[in-house]
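Here are a few exercises to work through with the model open beside you. Try each one yourself before reading the solution.

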Amino acid sequence: MMGLEVNDISVTYRNGHTALYNASFSLPKGSITALVGINGSGKSTLFKAIMGFVTLAKGSVNILGMPVKKALKSNLVAYVPQSEEIDWNFPILVEDVVMMGRYGHMNMLRIAKPNDHDKVNMALDRVSMGEFKHRQIGELSGGQKKRVFLARALAQESQVILLDEPFTGVDVKTEEQIMALLRELRGEGKVILVSTHNLGSVPEFCDRTVLINRTILDAGLTKDVFTQDNLQKTFGGVLRHFILAGDELHEDDDRRQVTVLSDHERPVVLYGESEQKPVVRERC
Ligand SMILES: Nc1ncnc2c1ncn2[C@@H]1O[C@H](COP(=O)(O)OP(=O)(O)OP(=O)(O)O)[C@@H](O)[C@H]1O
């Protein structure tokens, strides 16, 4: 059984704009997938579709073989929002943010049981934020806030975790901590879908890639999908692109060239003779 299946979906907003059409891909359990596309390409719309927040004009989404509605009732999907979507002035303690992840497990009165408090503490420890639990969320740094929302997803104990731009505005160390945690979650069989502009991190951290521009341009293993051709198709003129040909790099007759592709954050470096496949991938 697939972890997440998106079957030929289209989403048209009320103003008549079709943000996503004929989109299909599927992700197995125990995988980390990068969702890559330019601004406005439909990444958030796709997340909303997976969470049942928008009506599908056609197609369907299945989560662990269940339709979205049933999966949401079973608490199977957690969402880590973009920072801009959150009102950081809202007075709420870190532990209460994480407790929101337990709401779906509680009855209507939302009275937390000892087990819920245990899960919240465990989740905060897992992201190394235990000592901040009585702080106001607004007092934390950008990276710490991200970790708290990740803890909320952990406390929810969902099988599918959607992360909207989790690396924007965090330093490399925090990014690595988040990725280490996501790898652990992959080991536990979760389906992890991460939208990101950090192209340089994709080959290193994500086993799969989904390329999006109002529809799915390609999806599959990163080593097959994350090619220069495909990235150019995805980003078009937005992509900054530098090539240093072999003869500019060294004096021997090694013809390999370095290609650097970047939208606006961390670039990806492709090294090799062929323009098709990244031979060596590095971050810089
Ligand atoms: N509620 C809405 N009503 C009408 N149009 C919308 C709505 N939300 C998004 N759109 C439009 O749908 C398109 C896709 O938007 P979406 O937010 O999914 O893109 P995105 O890939 O997440 O972008 P970004 O990288 O900037 O976050 C955009 O053209 C946007 O203007």
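**Exercise 1.** Work out whether Arg214 is buried, exposed or partly exposed.

*Solution.* Start by counting neighbours: Arg214 has 19 other C-beta atoms within 10 Å. A residue needs 20 or more to be buried and 12 or fewer to be exposed. The count of 19 falls in between, so Arg214 is partly exposed. Now place it on the chain: Arg214 sits in the loop that links strand E9 (208-212) to strand E10 (216-221). Finally, check its backbone: Arg214 isn't a glycine, yet its phi is positive, about 65 degrees.

**Exercise 2.** Do the same for Glu157: find its loop, its phi and its exposure.

*Solution.* First the loop: Glu157 is located between helix H5 (142-156) and strand E7 (160-164). Next the phi, which is positive at about 55 degrees, even though Glu157 is not a glycine. Then the neighbours: there are 16 other C-beta atoms within 10 Å, so Glu157 counts as partly exposed.

**Exercise 3.** Which strands pair with E1, and in what sense?

*Solution.* Take E1 (residues 4-12) and look at strand E4 (residues 58-63): the two pair in the antiparallel sense, over five bridges. Within that pairing, Glu5 stands opposite Asn62. Now turn to strand E2 (residues 18-27), which also pairs with E1 in the antiparallel sense, this time over six bridges. Here Thr12 has Thr18 as its bridge partner. To finish, follow the chain from E1 to E2: they make a hairpin with five residues between them, and Gly16 in its turn has a positive phi of about 95 degrees.

**Exercise 4.** Describe the shell around the ligand: which helix gives the most to it, and how do its residues divide?

*Solution.* Begin with some members of the shell, among them Tyr13, His17, Asn39, Lys43, Ser44 and Thr45. Helix H1 (residues 43-50) gives the most, with three residues. Then sort the shell by type: two residues are nonpolar, nine are polar and one is charged.

**Exercise 5.** How confident is the predictor in this model?

*Solution.* Keep in mind that the model is predicted. For the protein chain, the mean pLDDT is 85, and 83% of the residues reach 70 or more. Look out for residues 274-284, though: their pLDDT is below 50, and the stretch has 26 contacts in the model beyond near neighbours in sequence. For the complex, the predictor gives an ipTM of 0.95 and a pTM of 0.84.

Note on methods:
Residues are numbered from 1 along each chain as its sequence is written. This is a predicted model: local features need pLDDT of at least 70, side-chain atom pairs count only at pLDDT 80 or more; totals for chains, interfaces and linings use all residues. pLDDT is the predictor's confidence in each residue, from 0 to 100. Two residues are in contact if their C-beta atoms, placed from the backbone, lie within 7 Å. Two strands pair if DSSP finds at least two bridges between them. Helices (H or I, at least four residues) and strands (E, at least two) are DSSP runs, numbered from the N terminus. A residue is near a molecule or strand if its C-beta atom, placed from the backbone, lies within 6 Å of it. Ala, Val, Leu, Ile, Met, Phe, Trp, Tyr, Cys and Pro count as nonpolar, Asp, Glu, Lys and Arg as charged, and the others, Gly among them, as polar.
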